[in-house]
Structure formats: structure tokens, C-alpha cells
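Subject: Handing over the structure we talked about

Dear colleague,

Here is the structure I promised to pass on to you, and I would be glad if you opened it and kept it in view while reading the rest of this email.

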Amino acid sequence: DKIKFITLTWNGENKIAGGVKTDKGLTDFGKSVIKQMNRFKMAVDLSHLNDKSFFGVIDKADIVLASHSNCRTICNHKRNLTDEQIKLIAEKNGIIGLNFYPLFLGDDFYRNIYENIYHLCDMGYENNIALGSDFDGAVLPNEIKDISKIPLLYDQLLKKGLKTDLLDKIFYKNAKEFMLNL
């Protein structure tokens, strides 16, 4: 029916904001874009923003998500979210979709996905976790090279001790509820 969310920029800068490969923040035009997105009850996707743009956006946007981002505490990459950023997203009932790209995750795929989930749950945000993948734009490891591997990921996380109730939230329930409320 309608556009549900918009990613403001990719890694570079545009007329809206700066991505992780720039120092530019949210522009005046970007502020007007967010104002219109709020009016139409659209979510602002915080993935790809640099820290300056993130903090320029977070207090202006009514609805937010990070469609495909991980925890910087687990993998120290500027494309990932700090604990403060995670907290601010969760305070707005936003979703964080875990990214499968090795540069943002680390070398041990299953362990690092588990660690991101564990960290977010330890912070109290099990209702804010989803899968973000990055199937459309990244070269992914063989363990999760395409959507056919999602059941294997579920099974591996079960083996690591995560419960089905939590995994069901992460694999579809949290994202479904978020999208239905837009």
C-alpha cells in the first residue's frame, strides 16, 4: 500500500545526510525529509549513517529502525551501532536487523551472530532484534550465502542454547509486529 521505510543514504553523502564513509551530518533538507516521513508514519532507516548523521536523525524521527546493522561492541566497525545508539533505537521501539556481512560481523559467522543476539538480549532488547541479512548487496559467507540457509541458522542458534520463543521473535515476529504498526 505505501512505502514503509527509507534508508537515507548509502556509505557516501547525499542531499539528506552523510554515510559511514563521510563526516557530513544531517542536512537541513534531510530534516525536512524526516519531517515528511513522520507525517506519513514512515520509519527512518538508520543503517549506513555515520555517527554524526545518526545523532542528528534519532531525536527528530518518530519511527526508526536499523534494517541491517550489528553491535559495535561485538565487531568494532563504524558501520555497526554503539550501545548508546542501540538504546536510542529501542527507546523508540525500533528494530535492529542483524547484518550477515563478514566485515561487520567477524569471521566466525554462527558465533558472532549468537554474540550479537546475546548482547542485545543482555541489554534487554529481545523485542527489538530481527534479521537484516544484506542478501541484496554483500558477498556473504557460505554458511548464509542466500535465504535457503536461514533454517540452518535457526538450527545452529538452537544448538547454542537459544530458545524457540526467542528465535521466533528474531526470525519473524519482531519484524512482523514492527511492520504491521507502520
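What follows is an account of what was found in it, going from the core to the salt bridges and then to one asparagine.

Please keep in mind as you read that this is a predicted model.

The nonpolar core is a good place to start. The largest one has 45 residues, and those with the most contacts inside it are Leu46, Val57, Ile89, Ile113, Ile117 and Leu153. Many elements contribute to this core, since α1 (28-39), α2, β3, α3, β4 (95-99), α5 (109-122), α6 (150-159) and α7 (164-180) each supply at least two of its residues. Its largest share, which amounts to five residues, comes from α5. If you would like to follow one residue by eye, try isoleucine 113, which, when residues up to four places away in sequence are not counted, touches Leu98, Asn99, Phe100, Leu105, Leu153 and Leu157. Another core, of seven residues, lies apart from the largest one, and Ile63, Leu65, Ala130 and Phe178 are among its members.

Turning to charged side chains, a search of the whole structure finds eight salt bridges. In one of them, the side chains of arginine 72 and aspartate 51 meet at 2.8 Å, N to O. Because arginine 72 lies in the loop between β3 and α3 while aspartate 51 belongs to helix α2 (residues 51-58), this pair ties together parts that are 21 residues apart in sequence. Arginine 72 counts as buried, at 15% relative accessibility, whereas aspartate 51, at 30%, counts as partly exposed.

Another salt bridge joins the side chains of aspartate 59 and lysine 60, at 3.7 Å from N to O. Here aspartate 59 is exposed, with a relative accessible area of 58%, and lysine 60 is partly exposed, with 32%. A further pair, arginine 111 and aspartate 108, meets at 3.6 Å, and these two residues are linked with Glu115 in a network of salt bridges. Arginine 111 is partly exposed at 39%, and aspartate 108 is partly exposed at 37%.

Finally, is asparagine 70 buried or exposed? Asparagine 70 lies in the loop between β3 (64-66) and α3 (83-91), and its relative accessibility is 1%, so it counts as buried, the cut-off for that being under 20%. Leaving aside neighbours within four places in sequence, asparagine 70 is in contact with Asn80, Leu81, Leu98, Asn99, Phe104, Leu105 and Asn116.

With best wishes

Terms used:
Residues numbered from 1 in each chain as written. Predicted model: local features only at pLDDT ≥ 70, side-chain atom pairs only at ≥ 80, totals over all residues. Heavy atoms only, no water. Helix = DSSP H or I, 4+ residues; strand = E, 2+ residues; numbered from the N terminus. Buried < 20%, exposed > 50% of the residue type's maximum accessible area, 1.4 Å probe, protein only. Contact = heavy atoms within 4.5 Å. Salt bridge = Lys/Arg side-chain N within 4 Å of Asp/Glu carboxyl O. Core = buried A, V, L, I, M, F, W, Y, C linked by side-chain atoms within 4.5 Å.
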